[in-house]
Amino acid sequence: METIAVSKFKATCLSVLQRVQKTRKPILITRFGKPIAEVVPPSPPPRTANWMGSMAGTIEITGDIVGPATEDEEWNVLRE
């Protein structure tokens with residue numbers, strides 16, 4: 001594991017964080033030669049199911065889904 005002094009870490013913090021993210025290798029931060037912190041890459045996000053098809057099997061069709069919701073006689077525009 002790579003080690004870096006706290007003073008150097010303070011001066012180059014952003015570049016060290018980017019390097020940890022890119023290489024996925026932790027870095028040990030020391031003060032007077034003794035470890036005080038460890039910078040580790042984040043754990044991978046939990047795998048979630050693809051949202052496409054995630055609701056499959058949860059809906060029940062009870063009637064005609066293609067036909068109109070009302071009868072033709074109920075439409076005002078057709079009465080004229």
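## Exercises on surface, strands and contacts

At a relative accessibility of 52%, glutamate 74 counts as exposed (exposed: over 50% relative accessible area; buried: under 20%; partly exposed: in between; 1.4 Å probe, protein chains only). The model is predicted, so local features need pLDDT of at least 70 and side-chain atom pairs pLDDT 80 or more, while totals for chains, interfaces and linings use all residues. Residues are numbered from 1 along each chain as its sequence is written, and side-chain values use heavy atoms, without hydrogens and water.

**Exercise 1.** Place glutamate 74 in the chain and identify the surface patch to which it belongs.

*Solution.* Step one: glutamate 74 is located in the segment after β3 (34–39) (strands are DSSP runs of E with at least two residues, helices runs of H or I with at least four, numbered from the N terminus). Step two: Glu74 joins Glu71, Asp72 and Glu73 in a negatively charged surface patch (patch residues have over 30% relative accessible area and no salt bridge; like charges are joined within 9 Å, nonpolar side chains within 5 Å). Asp and Glu count as negative, Lys and Arg as positive, and His and the chain ends are not counted; a charge is placed at CD of Glu or CG of Asp.

**Exercise 2.** Describe the nonpolar surface patch and the setting of isoleucine 61.

*Solution.* Step one: the patch consists of Ile59, Ile61, Ile65 and Val66, which together offer about 500 Å² of accessible area (Shrake-Rupley method, 1.4 Å probe). Step two: isoleucine 61 belongs to the segment after β3. Step three: isoleucine 61 counts as exposed because its relative accessible area is 57%.

**Exercise 3.** Establish how strand β2 is paired and how far it is covered.

*Solution.* Step one: β2 spans residues 27–31, and 4 of its 5 residues are buried, which leaves the strand mostly covered. Step two: β1 (residues 2–5) and β2 run parallel, with 4 bridges between them (pairing requires at least two DSSP bridges). Threonine 3 has leucine 28 in β2 as its bridge partner. Step three: β2 and β3 are antiparallel and are joined by 5 bridges; here arginine 31 is bridged to lysine 34 in β3.

**Exercise 4.** Examine the turn between β2 and β3, then locate arginine 24, which also has a positive phi.

*Solution.* Step one: β2 and β3 make up a hairpin with 2 residues between them. Step two: phenylalanine 32 lies in this loop, and its phi is positive, near 55°, although the residue is not glycine. Step three: with a relative accessible area of 77%, phenylalanine 32 is exposed. Step four: arginine 24, likewise not a glycine, has a positive phi of about 60°. Arginine 24 sits in the loop between α2 and β2 and is partly exposed, because its relative accessibility is 44%.

**Exercise 5.** Find the salt bridge and characterise its two partners.

*Solution.* Step one: the structure contains 1 salt bridge (a side-chain nitrogen of Lys or Arg within 4 Å of a carboxyl oxygen of Asp or Glu). Step two: the partners are arginine 19 and glutamate 2, whose closest N and O atoms are 3.0 Å apart. Step three: the pair links distant parts of the chain, 17 residues apart, with arginine 19 in helix α2 (residues 13–23) and glutamate 2 in strand β1. Step four: arginine 19 is partly exposed at 32% relative accessible area, and glutamate 2 is partly exposed at 37%.

**Exercise 6.** Compare the separation of serine 7 and serine 43 in sequence and in space.

*Solution.* Step one: serine 7 is part of helix α1 (residues 6–11) and counts as exposed, given its relative accessibility of 54%. Step two: serine 7 and serine 43 lie 36 residues apart in sequence, and their C-alpha atoms are 27 Å apart in space.
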